[in-house]
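Please take a look at the model shown here. Then follow the tour below.

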Number of protein chains: 2
Amino acid sequence: MSYRIKSRIWIESDNNVLLGEGRVHLLKAIQETGSLSKAAKSLNISYKKAWQLLDSVNKSAKKPVTINNIGGKGGGGAELTDYGKLLVKAFDEINKNCWAFLDKQLEKIELL
Amino acid sequence: MSYRIKSRIWIESDNNVLLGEGRVHLLKAIQETGSLSKAAKSLNISYKKAWQLLDSVNKSAKKPVTINNIGGKGGGGAELTDYGKLLVKAFDEINKNCWAFLDKQLEKIELL
DNA sequence: AATCGCTATATTTGCACAGACATAACGATT
DNA sequence: AATCGTTATGTCTGTGCAAATATAGCGATT
């Protein structure tokens with residue numbers, strides 16, 4: 001029949017969004033490039049948008065997700081904390097599990 | 001800790017959205033009021049938006065989801081087909097299951 | 001102290017999308 | 001054939017949000 005169930009999940013903390021797919025993409029890009037500006041370029045989003053997202057992430061999280069260095073050698077940079085890495089990993093895992101779960105639920109529709 | 005996982009699911013058919021939360025709300029309102037225009041009013045959305053949504057639903061579905069009567073006694077009206085009612089019920093069920101599933105997954109984050 | 005590339009933030013500009021508005025078409029009822 | 005309350009569409013407007021632009025601040029390195 002070819003119906004498909006799609007989903008989008010996100011984690012909130014006090015009604016603020018902590019993590020969603022876009023934010024996770026950004027965090028991964030920071031991990032790969034070592035800087036927020038390079039991460040923004042690699043995702044084709046403006047630096048400003050990337051900064052706003054990251055700022056929101058760090059303000060919503062219980063512990064810091066990234067460490068941002070201003071100035072200094074190379075001008076600075078950003079990197080994930082251990083907590084940030086764990087959060088990203090957990091989000092990916094939960095997201096995949098959710099997809100698998102919903103695929104199973106499809107049969108309830110296909111036999112209508 | 002009080003992180004929460006939220007989700008939004010929708011059903012697609014050939015890359016077209018068939019059902020999401022908003023569309024299901026609209027279908028339920030049609031079922032209750034017997035007309036698209038009354039349903040739109042009860043949801044505080046414009047008639048046009050409601051019509052576009054419903055049109056998209058019926059174009060995406062494999063079988064008709066509503067029967068729309070133009071003209072005639074009372075000017076016409078709209079009502080759900082049996083297939084439409086089943087779809088709405090299945091969507092609600094899957095959505096609830098998804099919430100429950102994600103609540104269970106929360107523990108993976110809480111112990112970080 | 002001058003440079004560099006980054007983070008941090010305000011201000012302005014543009015555009016997509018939602019909403020308001022207008023109108024046609026329809027068919028049972030009178 | 002006139003009326004009525006719908007469904008069915010097109011058009012126009014404006015506004016909120018995203019993107020572009022501009023600029024300040026930072027600190028290691030030279």
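The paragraphs below go through the symmetry, a hairpin, an aromatic pair and the two DNA strands.

This is a predicted model, in which local features need pLDDT of at least 70, side-chain atom pairs count only at pLDDT 80 or more, and totals for chains, interfaces and linings use all residues. Residues are numbered from 1 along each chain as its sequence is written, chains are lettered from A and ligands numbered from 1 in the order in which they are written, and side-chain values use heavy atoms, with hydrogens and water left out.

Start with the two protein copies. Two copies of a chain are related by a rotation about an axis and a shift along it. Here, a rotation of 180° with 0.0 Å of shift along its axis places chain A on chain B, with an RMSD of 0.1 Å. This is therefore the relation of a two-fold axis. The fit is by least squares on the C-alpha atoms of residues with pLDDT of at least 70 in both copies. Within chain A, R8(A) comes closest to the axis, its C-alpha at 2.6 Å.

Next, the aromatic pair. Over all chains, the structure holds 1 such pair. Its members are F101(A) and F101(B), stacked at 4.5 Å centre to centre with 15° between the planes. The pair crosses between chains, from helix α4 (residues 82–105) of chain A to helix α4 (residues 82–105) of chain B. Rings of Phe, Tyr and Trp (its six-membered ring) pair if their centres lie within 6.5 Å; planes under 30 degrees apart count as stacked, over 60 as edge-to-face and the rest as tilted. Both F101(A) and F101(B) are buried (under 20% relative accessible area, 1.4 Å probe, protein chains only).

Now the hairpin in chain A. Strands β3 (residues 66–70) and β4 (residues 76–80) run antiparallel, joined by 5 bridges. Strands pair if DSSP finds at least two bridges between them. Helices (H or I, at least four residues) and strands (E, at least two) are DSSP runs, numbered from the N terminus. I70(A) has G76(A) as its bridge partner. There are 5 residues between the strands, and G71(A) in the turn has a positive phi of about 70°.

Turn to DNA strand C. It has 21 residues around it, and L36(A), K48(A), W51(A), G71(B) and G72(B) come nearest. A residue counts as near if one of its heavy atoms lies within 4 Å. Of the strand C atoms within 4 Å of the protein, 64% belong to sugar or phosphate and the rest to bases. Polar contacts are pairs of N or O atoms within 3.5 Å; within protein, one must be able to donate a hydrogen and the other to accept it, and residues adjacent in sequence count only if both atoms are side-chain atoms. The side chain of K48(A) puts an N or O atom 2.7 Å from a base oxygen of strand C. A backbone N or O atom of G72(B) lies 2.9 Å from a base nitrogen of strand C.

DNA strand D comes last. Among the 20 residues around it, G72(A), L36(B), Y47(B), K48(B) and W51(B) come nearest. Sugar and phosphate account for 61% of the strand D atoms within 4 Å of the protein. A polar backbone atom of L36(B) is 2.4 Å from a phosphate oxygen of strand D. The side chain of K48(B) has an N or O atom 2.4 Å from a base oxygen of strand D. A polar backbone atom of G71(A) is 3.2 Å from a base oxygen of strand D.

Notes. Buried < 20%, exposed > 50% of the residue type's maximum accessible area, 1.4 Å probe, protein only.
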